[in-house]
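Work through the exercises below with the sequence and the model side by side. Try each task before reading its solution.

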Amino acid sequence: MDCKIRRWRMEDAPYLAEALNNKNIHNNLRDGLPFPYTVSDAEKFITAMLNSDINKTYAFAITVDDKAIGSIGVFRNENIHFRTAEMGYYIAEPYWGQGIGTSAVNQICRYIFDHTDIIRIYAEPFAYNMASCRILEKSGFVCEGILRKNAVKNGKIIDMKMYSLLKI
Ligand SMILES: CC(C)(COP(=O)(O)OP(=O)(O)OC[C@H]1O[C@@H](n2cnc3c(N)ncnc32)[C@H](O)[C@@H]1OP(=O)(O)O)[C@@H](O)C(=O)NCCC(=O)NCCS
């Protein structure tokens, strides 16, 4: 399915809230997002993204026919890591398995390497998150290793993986 990434708009909030009211998404992300996730939570997120530092935060809605069905962002690190950035993403469950995640990752990485001085984009999926690991591999990311017992999620100690893509 064809998808695009574009700047967030306030009218995306109800669609974002609909996508994020799903434990299957929260179970694969870091803690901290409200659950249930309201339209007001979505509006706060979109406001924060639109007001963020344009040289540090690259946050986009993932859209199908211009409807927001997911979120993808690249966030610049600090200090000696200022040319490195972490990527995060999620897609509304009805849209899983149609190539959208892979396409969105490819689009944002191309944008970042073409428009910024960032030379390394990394992602740290939970080791059990096969779909996320797969889209990173399909997009040319290299698994640099397993971060053993790196997190506690839903009361369980879990491994994570470190994937990166370098600007050539
Ligand atoms: C991870 C996520 C973004 C993937 O998006 P998507 O649009 O479904 O991804 P794609 O369709 O491009 O690709 C998914 C790939 O994973 C594979 N896959 C899915 N579930 C799998 C599983 N349980 N085991 C092995 N492979 C799996 C698919 O077969 C496909 O690979 P293929 O094209 O070689 O067949 C989506 O599932 C999601 O939002 N998950 C919840 C949030 C999340 O995990 N975010 C990432 C945090 S690091």
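**Exercise 1. Positive phi**

Where is the place of asparagine 79? Locate it, then do likewise for lysine 149.

Solution. This is a predicted model.
Step 1: asparagine 79 sits in the loop between strand 3 and strand 4.
Step 2: its backbone has a positive phi of about 55°, although asparagine 79 is not a glycine.
Step 3: count its surroundings. Asparagine 79 has 5 other C-beta atoms within 10 Å, and 12 or fewer means exposed, so this residue is exposed.
Step 4: turn to lysine 149, which belongs to strand 6 (residues 142–153). Its phi is also positive, near 45°, in a residue other than glycine.
Step 5: lysine 149 has 10 C-beta neighbours inside 10 Å and therefore counts as exposed.
Step 6: add aspartate 65. Its positive phi is near 50°. It belongs to the hairpin of strand 2 and strand 3, which has two residues between the strands.

**Exercise 2. Pairing order**

Trace the strand pairing from strand 1 to strand 5, giving the sense of each pair.

Solution.
Step 1: strand 1 (residues 4–6) runs antiparallel to strand 2 (residues 57–64), with three bridges. Arginine 6 faces alanine 61 here.
Step 2: strand 2 pairs with strand 3 in the antiparallel sense, over eight bridges. Threonine 63 has alanine 68 as its bridge partner.
Step 3: strand 3 (residues 67–76) and strand 4 are antiparallel and joined by seven bridges. Glycine 73 is matched with glycine 88.
Step 4: strand 4 and strand 5 (residues 120–123) are parallel, with three bridges. Alanine 85 stands opposite isoleucine 121.
Step 5: name the connection. Strand 4, helix 4 and strand 5 form a right-handed β-α-β unit.

**Exercise 3. The core**

Which residues have the most contacts inside the largest nonpolar core?

Solution.
Step 1: that core holds 40 residues, and the ones with the most contacts inside it are Ile62, Met87, Ala104, Ile108 and Ile121. Helix 4 is its biggest contributor, giving six residues.
Step 2: follow isoleucine 121. Leaving aside neighbours within four places in sequence, its contacts are Val74, Ala85, Met87, Cys109, Ile112, Ser164 and Leu165.
Step 3: check the burial of strand 2. Six of its eight residues are buried, so the strand is mostly covered.

**Exercise 4. The ligand shell**

Which elements give two or more residues to the shell around the ligand?

Solution.
Step 1: the shell has 21 residues, with Asn28, Gly101, Thr102, Met130 and Ala131 the closest to the ligand.
Step 2: the elements giving two or more residues are strand 4 (84–91), helix 4 (100–115) and helix 5 (130–138). Helix 5 gives the most, with five residues.
Step 3: sort the shell by character. Twelve residues are nonpolar, eight are polar and one is charged.
Step 4: look further along helix 5, where arginine 134 lies. It has 13 other C-beta atoms within 10 Å, so it is partly exposed.
Step 5: place arginine 134 against leucine 165. They are 31 residues apart along the chain, and their C-alpha atoms are separated by 14 Å.

**Exercise 5. A cis bond**

Which peptide bond is cis, with omega near 0°?

Solution.
Step 1: the bond runs from phenylalanine 35 to proline 36.
Step 2: proline 36 lies in the loop between helix 2 (23–26) and helix 3 (39–50).

Terms used: Residues are numbered from 1 along each chain as its sequence is written. This is a predicted model: local features need pLDDT of at least 70, side-chain atom pairs count only at pLDDT 80 or more; totals for chains, interfaces and linings use all residues. A residue is near a molecule or strand if its C-beta atom, placed from the backbone, lies within 6 Å of it. Helices (H or I, at least four residues) and strands (E, at least two) are DSSP runs, numbered from the N terminus. Ala, Val, Leu, Ile, Met, Phe, Trp, Tyr, Cys and Pro count as nonpolar, Asp, Glu, Lys and Arg as charged, and the others, Gly among them, as polar. Two strands pair if DSSP finds at least two bridges between them. A crossover is right-handed if, with the strands pointing away from the viewer, the path from the first strand over the helix to the second runs clockwise. A nonpolar core is a set of buried Ala, Val, Leu, Ile, Met, Phe, Trp, Tyr and Cys residues joined through C-beta atoms within 7 Å. A residue is buried if 20 or more other C-beta atoms lie within 10 Å of its own, exposed if 12 or fewer, and partly exposed in between; C-beta atoms are placed from the backbone. Two residues are in contact if their C-beta atoms, placed from the backbone, lie within 7 Å.
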